[in-house]
Each structure stands twice: as C-alpha cells, then as structure tokens.
Amino acid sequence: MIFTKRIKQDQPILRGSLAWLLAVQVFILAPHFVTVPSWIAILWAGVAFWRWRVFQGAWNYPTKLQKTFLVFICCVGLYLSLGAAFRFESMISLLLVGFVLKLVELKNTNDFVLLIYIAFFILAAQFIEFNHFLAAFYGFGCLSVLCATLMQLHKQSEAFNVWKNIRPSVYILLQAIPFMIILFVVVPRIGSFWAVPTPQHAKTGMSDSMSPGDFTELMESNEVAFRVTFAETVPSREKLYWRSLVFSFFDGRRWGQTRQQKKENFFNQASKSLRSHLEYQGDQTEYDVIAEANGQPWLYSLAAPMSWSNNLAFVRDMRVQAFMPVTERINYHVVSSLNYQLNELDADELSQNLQLPNGGNLKTRERAKEWMRETGNTQKLISKLFDYYHQSFFYTLKPPALGAEVVDDFLWGTRQGFCEHFSSSFVLFMRAAGVPARVVVGYQGGDINSVDASLTVRQRDAHAWAEVWLAGRGWVMFDPTAAVAPERVQKGIEQSLSATDRELLARPFGSSSKLFLAMREQWDAANLKWTRWVMNYDSSSQESLLEKLLGEISPMRIAVFVVSAGGGLGLLLFGMLLLQNRKQDLPETSFIYQQLCKKLSACGFTPQDSETPRTFVNRVIKVRPELQASLGLLIDLYERLAYGDELEVAAKLRKSIADFRPSEKVV
Amino acid sequence: MSRLQEYFQRWAARRSPRAGQVTLQHRTIYVFPSKQGLAFLFLILLIWILGTNYQNNLILGLSFFLTSVMLVSVLHAFKNLLGLTFSPEANQYAAVGEMAPFDIQISSAYQISHHGLLLSLDNEESVRADLVAGKPTQIRLNLPAKHRGWLKLPRIVLKSYFPFGLIRAWAYIDLEHRALIFPRPIACEQPPLGAGRGDEGHHLSVQRGDEFQGFQNYQPGSPLSQIAWKQFARGAGMHLKDYRALQSDHYWLDWEMLNARDTELALSNLSYWVNYFADNNVEFGLRLPNLTIDLGMGDVQRLNALTALALFGWVKEGA
C-alpha cells in the first residue's frame, strides 16, 4: 500500500503521454492540409516514427548536425513548394513544420507542455480557414483531446479506455461554456492591430465586365453568394433583382464600366447630390444581407437604397458597395424603396449611355433605326423587340458559338442564348435606336428557406438585365430574358431550363426528394443563424445586444453584469461540484429500512424508538396477517444483508422492497 | 517580495496550526496560477491577438474558452484538495545520518478521486499520491536525521496541479508526528563492559577474545544474523560467525566504562555495541547514569536500549 513514487523536475515522457500527443497532432494537423503542402504529412509520419523508436530505446535523439540538416531540408521544401513571398500559406506551413520538428526534440515534461501549447495555437489558426459551425464542433473535439493530454500529467490514467480518459476534460470544458459565452458577449471587439495575410482562394462572383461566356461559369457554381433576411415579408420573386454592377460601356464584345462609373466606385459623394432628385415612391423593404467574400468591393441591393449601414457606400448607379474589396464575410443592412424615380440625368451621363462601339453590328444598328421609324415611340419599340424575342428566341445555357459580330449573330442568326445575350443585344439595340440604355448585372431571385424565411442567393442565380432611360419616368428596368423564359424570373433558373440544360447547373445534393430538401433548409437556416449571431457578432451588434440586455451601456453596468453573472455561475458550479462530492453517509440497509417504514406508515404503522426492525415487522404482521409472506421474506433478507454481510442478497432485497405494496391490500 | 512572503507564511501558519490530524477545509487551501498557467495566459493573449487581427470570432471565442477553462479549473483544483484528511501512522526510527521515515495516512471525506497530490518537506523531492474513489492511501516522507532524539515532522507542503497544470492548489499541513533518531553507531575496539551483578562480568571482559570461536564456513539454511557480512563485503566469501560460547553468557554495557568527556561519541559507541549484541542474539543490559535497561535479547531489547540512548539527556519531549 505504501506509495513512494518520486517526482523529478525533468520527468521523462511516459508511453501513454506520447501516444496521446501523437494522436493530438493528427487531429490538430489534419484540417491544415487544405492549405499547406502535403509533404508535411510525410514529414510528420517520419518524425513521429523516429520519436517512437527513441521511446523504445532503439534509436537516438537526433544530433545537432542531423537537426540542422532536417531544418535545412524543410526550409528548401517550403521554398520550393510555396516560394519566398510572405503569404498565409507559408506562415501556416512554417508554424506546422516547427510543430512537427519539435516532436523529435521532445525530452521532458516541459517540452511536452510546450508542444501542447503550440497545438492550441495551431488549433486557433485552423479557424481562419474554417469557420463553419462544424469547425466549431471539430475544434471542441480537438480541445477535449488536448486538455485530456494535459490532464494525463496530473492524473492516473485509466488504461486502455480512451473515453474514460477524455471524459473528465469534456466535463470541465462543458462547465466552462457559460463563462465563455459571457466573455464572448461582453469583451469589447477592437480592430486589427496590423494587416495579416489571408488565405487566397479563387473567388467566384461577378467580375467587372461581361463578355459572352462569363456567366456560364457562374451558373455552374452552386456557391452561396449572399444570404438575406427580410425584416417583414419577402417581396415577390419578380421584384428580387439584386444589383451588383451597372455597365454603360460597350466595346463590341465586352460590357464594362465607363471611366466615370469606375471613378465613383470608391467614393460616397454621389449620394447627396443624387438623392436631391431621387424620388422614393413607396414599397419599402428592409433587409439584412450576409455576403460571402467575393474579392471585389461590389455588393448586392435592391433598387433604390434609401438607407444603409455605415460600412457601405451608395453609388450613383443605384447600388451599394463596400469601401474595400470584400475579403471576408460581411454583413450589412439596407432599406430599399422598390418604387422610385430619378428625375434628372446630366448630359455627360446621357452620352455615356448612348455610346456605341466604333464599328460592327451594322445590321442591328440599321434595324434599330428602321424599327424606331416604324413605331415612332420608345415604348412601342420595346414591345416590338420583346415580341420578336418572345416569338423566335430560345432560352438555353448552351448557345451555339457566336462570330465576331456578337449581337448581329445572336439577334438575326442563332437566336439562342441566355441573360447575357438578351440584355446585351437589347441595350445595344436601344442605343442604336437613340434611346439611352445600360446593362445591369447581379442576381435574380434566390431560394427561400421555409424554416426561417431567409433567402439564399447562389452564384447560379447570376443574371443580367437592362435599364432604359424614359423621359419623365427615369431609369426603367426591362428584362428581355423574361420575355423569352418568364419561368426564369418567376420560379428560378432550374425551372426555366430544359432537362439537358439542367444538367449543366451545379446541384449540391443530386437528389431533390422532399426529405432532402427539408433537411437542406434546416441546415441552411442553422448555418445562417451561426453566421449572423456568432461569426458576424461585431462591435455594433455587441452594442445593440448589450443595450438590450442592460438597458444602457456604461462601464459600471457592464462590470456589475460580468461580476454578477460570472460570480453567480461560479457559485452555482461550485455548489454543484460540492453536492456531487457529498459522501453517501447512509449504508444501503438503512436506506432500504427507511423505504420500508415509509411504505408501512402509509397504512398506519410507525416504528417506535425501542423497536428493532424485526419486532416492528412482527407487530405489523400481527395486525395484518396477510402480509406475513412478503414482510417475512423482506425482513429475512434485510437481516441477512445487514448482519450477515451476505452482499449477494442486496439485489433481491432491492427488488422485494420495490414490489412491496402493503396499502393495496387494504379492502 | 520576501517580506510579503514572510507575512504570508506567518498568516498561513496561524490558519493551519499543528494538530494530531489535519483535514483540509476551504480556509486552508490556497490557489494561484502556476508557472505553466502564466504561460497559458500568454498563449491566450496570443490567440486573442490572432483572432483580433483576423477579425475572427471563432478564434476570439477560443481565447475566451481557454480563459474560462482556466477559471473553472480553479474550482477543480480547489475541490481536488478539499476534504483530504492527514493522520500520522506509527512512529518510525532511524539512526543519525540515515533518512527518517514518516508514514502518513491520507483519506478523503468524499467518495471522489483526488489526483496528483504532491507532498514535500522543505525543498525535498515530492512524493506523489493518488486517492482512487476516496480510498485511503499511505505515503512515506523521508527527512534526513541529523541529531539524535525526537525528530519532529516539519510542515508538509501539499501541492496539486490537477486538472491541467494551470493552477497550483496548495496547503500547509502541520502534523503532530515524530520519528525517533538513534545515535549513529560508531565502532570502538572493545565493548564497554561493566560488571554484572557479581564479579564475573569483569573476568568475562578479559576473556572475551577467547570466547569468540572464529568463523565457520557458510552452510545453506543458517540464520541470516549469523552471516559475517563484513567479511563477505570484503570479498572473503560467506562465513558464519560462531558465538556458541558467547550465547550462553550475558553482558552489561556500561556508560561508566567509556570516556565520558564526549557524550555523543560515548552514546554512538554504546549504540554500536547494542546493535552488535542484538544482531548476534546475545543477552545484554545497558547501564546509563540515570537509567538501567535490564538484561534482554533480540529486537525488543535493542529498541529499548537504543531508545534510552537516543533520549539520553533529552530534557523535554518536543522541546
């Protein structure tokens, strides 16, 4: 029984601890292989094997020369696979290589703890790439294993039972969650201290120009572009034209922004002068948008924005955008008036929207003038063109190739295409007829989630349409695609295509069974909640939440809140821990006897102080002879357990006391 | 700092006075972040900076989570020591120059496990104990024995870094426990034999050399106490000491026969011969100026004699 294990300062690493550490490394490193070169995995396996052989006594720790060589090899490897530039990938790779190489130097408990601490940091770094709520769960798992590994050093391990070893850490982590929530809510958020390299991925999204074929790529992508939650009802689908960019310049093949439009992109000046002759005519809708990073400043809004959160700029083209390219998920708030009118267009802008390329598409120009002469009126011209679209055009995502004269070929030749062809040809036609017109690109519609009524807009909802300046009415939206395929606007892109075309569209879950769709909606709703309430919780949402919680934000109130909530939770937890500590001071037999007395007192028998259990039961039997059998058995078992120490009768006794119901027999 | 520490030590000593049995309560347990815990705080800061720079709530959340884990582990560290009872086991013995063992029983007021209990005496290496499901356990602490007499168990420092090594929970345990330290045995050429009840003792002392029969070859099965270990250690092979002639007699070890100027040396010499006679199963008695141990044999006699030697001139117990 005498236990004298001596503790030294430099405790060597035990077998169990080493095994735990290797397991931890696997969990911690795994998510990073999305970013870092995969040879680091092989490096890890080699180093882990080496360390294990050292533990077995077969190999030695590396010499200084070997270590230098290893480090050199790794540096060369990093240089070859990532280059010399300071990028996010190289930063993470360097950290990981250090973490892996440190393993071979692991000699005592201090090294061990250092490695675990680095693992905590690497765990934090994985959230830069992954911030889905699944990543949070994965992180919790990693954290449990990490903490269990730390606990190994201070606790006798439960050999061969992984869960038993992890469980105490998981309990402590669960107990820590309420405190974390308080800190999460209260600790002020401040801006970045310095600029940091971010992971660079090819971002899909609207580009700053539109040439034939650009949109097909977008439509094949199922990535979420942005999510919207409306304050009140969701406007009907036909009204959901999300504006990203407006193109007024055409070079014969490609639509883009004019120099003026580009200039305005980074300023917020237009708004005041513009708003003076902008008339809002009702049909207001208020919504919050969570936009995914697209690497560009432009965002998504419905025309015409009336007010917007202060991380946005309003642009003359009746759209909003961020001040900087959006490299991380951003959320913003907009109130739009769906009916509006612009009363004035300056000469400069007018000429921009009448601009035609120097040559080409002659047939279209001729026809436009001809039709204008025939109809004599812009409205009639537009309906004639729409009729033409409606009668002889075919909506498809796989149009035949177009020649050099893009619009001529499309309008008078192939007559097959989708939104970019329709909008492009329409605007060119209008301009050729002398009517100011421009192309608007963005997204149309989106999927409404029946769970939380949020709207998810994906890249495949990308759309292009047109605006025509009508004197007295301002810019008026026309969607030539709708003339050909009204379902595109009413029901969404999937419904508007032929079966073969539909194959082109990316579909996330292959199946479209109802159960699947319902699950997907739940999933999306949970995702959106996570993004809104956790990932996008920033200083402004913090302010409003604290205001809601505390009534008013003052350091005093926050301090009182933290102290009372934290202290209260702490006391509660401590009380629970102590309660759980309480020694069971009654032996089982007394507990059973108490149960028996309780049952008997229900039919009027209470034991006297002087009575032993046996005499008490005998007294009961005298009055109620029908209980003889059951009570007799009970008291026999009781005495055998209490005085005879026959532990095997305990189960029998428990069963018979549970079955004993004296009051039922009273007639 | 040192003055502050001194003040703390005095204050802590007042809170946990010396007692026959010590149970740890909330007022006698102290908690503070360990060195590892301070490093952990630094780690939390780094993660917080990472999260702030990337404006990533998940990373910030992790830093808050780790902070909370540290907070919660304060409670667990505290709970790990709460309700532990320390009680002394039987007194042990050692000679000067050896390590004096102190056996202590640790039990718990609760049916929970107490992990990684590190017990140490001033600057000594710690001894680790774990209580599984509240089952009592025994530990042995060792302290170098420097002086003969009673050696009081100094204050024990109990530390625990459970659960994650971030928090050090500690307590001071001042237990009424002591070990008896015998004088260091120092050989001298002749045993200080005094006269017995008759005169024959004197003669015996002269004749002693003849009484010793010398060595016999080792025979398997001989009692271990008869093996001539000293000779064996010198590489002379296994021999048996033959005391057949002596065993029939008894001797008096007498203080008076030694040079009384160096009390400690005299006690050491006596202690050597007490061990010698006891090892060889010779009947002997001990005469000290103020105390006489009657004739006896074996380990009981040895204990009595050594106790008398250890406490020779020992004025007050526990002084």
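This passage goes through the aromatic and charged side-chain contacts of a predicted model.

Starting with the rings, the count comes to 58 aromatic pairs over all chains. Take A:F120 and B:F40: their ring centres are 5.6 Å apart and the planes sit at 80°, so this is an edge-to-face pair. The contact crosses between chains, running from helix α5 (residues 109-129) of chain A to helix α2 (residues 35-53) of chain B. Both partners are tucked away, with A:F120 buried at 0% relative accessibility and B:F40 buried at 2%.

Elsewhere in chain A, one aromatic cluster takes in a string of residues, among them A:W371, A:Y388, A:W412 and A:F478. A:W371 also has a charge for company, as A:K384 lies over its face at 4.6 Å from the ring centre. A:K107 does something of the kind with A:Y61, its charged end sitting over the ring at 4.9 Å from the centre.

As for salt bridges, there are 29 over all chains. One of them joins A:E292 and A:R227, at 3.7 Å from N to O. A:E292 is in the loop between β9 (284-291) and β10 (305-308), while A:R227 belongs to strand β4 (residues 224-230), so the bridge ties together parts of chain A that are 65 residues apart in sequence. A:E292 counts as buried at 19% relative accessible area, because the cut-off is under 20%; A:R227 is buried too, at 8%.

A:R614 and A:D636 pair up as well, with their closest N and O atoms 3.0 Å apart. This bridge links helix α24 (residues 613-623) to helix α25 (residues 628-642), the two residues being 22 apart. Here the side chains are partly exposed, A:R614 at 28% and A:D636 at 39%. Finally, salt bridges with shared partners join A:R243, A:D317, A:R319, A:R438 and A:E467 into one network.

Note on methods
Residues are numbered from 1 along each chain as its sequence is written. Chains are lettered from A and ligands numbered from 1 in the order in which they are written. This is a predicted model: local features need pLDDT of at least 70, side-chain atom pairs count only at pLDDT 80 or more; totals for chains, interfaces and linings use all residues. Side-chain values use heavy atoms; hydrogens and water are left out. Rings of Phe, Tyr and Trp (its six-membered ring) pair if their centres lie within 6.5 Å; planes under 30 degrees apart count as stacked, over 60 as edge-to-face and the rest as tilted. Helices (H or I, at least four residues) and strands (E, at least two) are DSSP runs, numbered from the N terminus. Buried means under 20% relative accessible area, exposed over 50%, partly exposed in between (1.4 Å probe, protein chains only). A charge sits over a ring if NZ of Lys or CZ of Arg is within 6 Å of the ring centre and within 35 degrees of the ring normal. A salt bridge is a side-chain nitrogen of Lys or Arg within 4 Å of a carboxyl oxygen of Asp or Glu.
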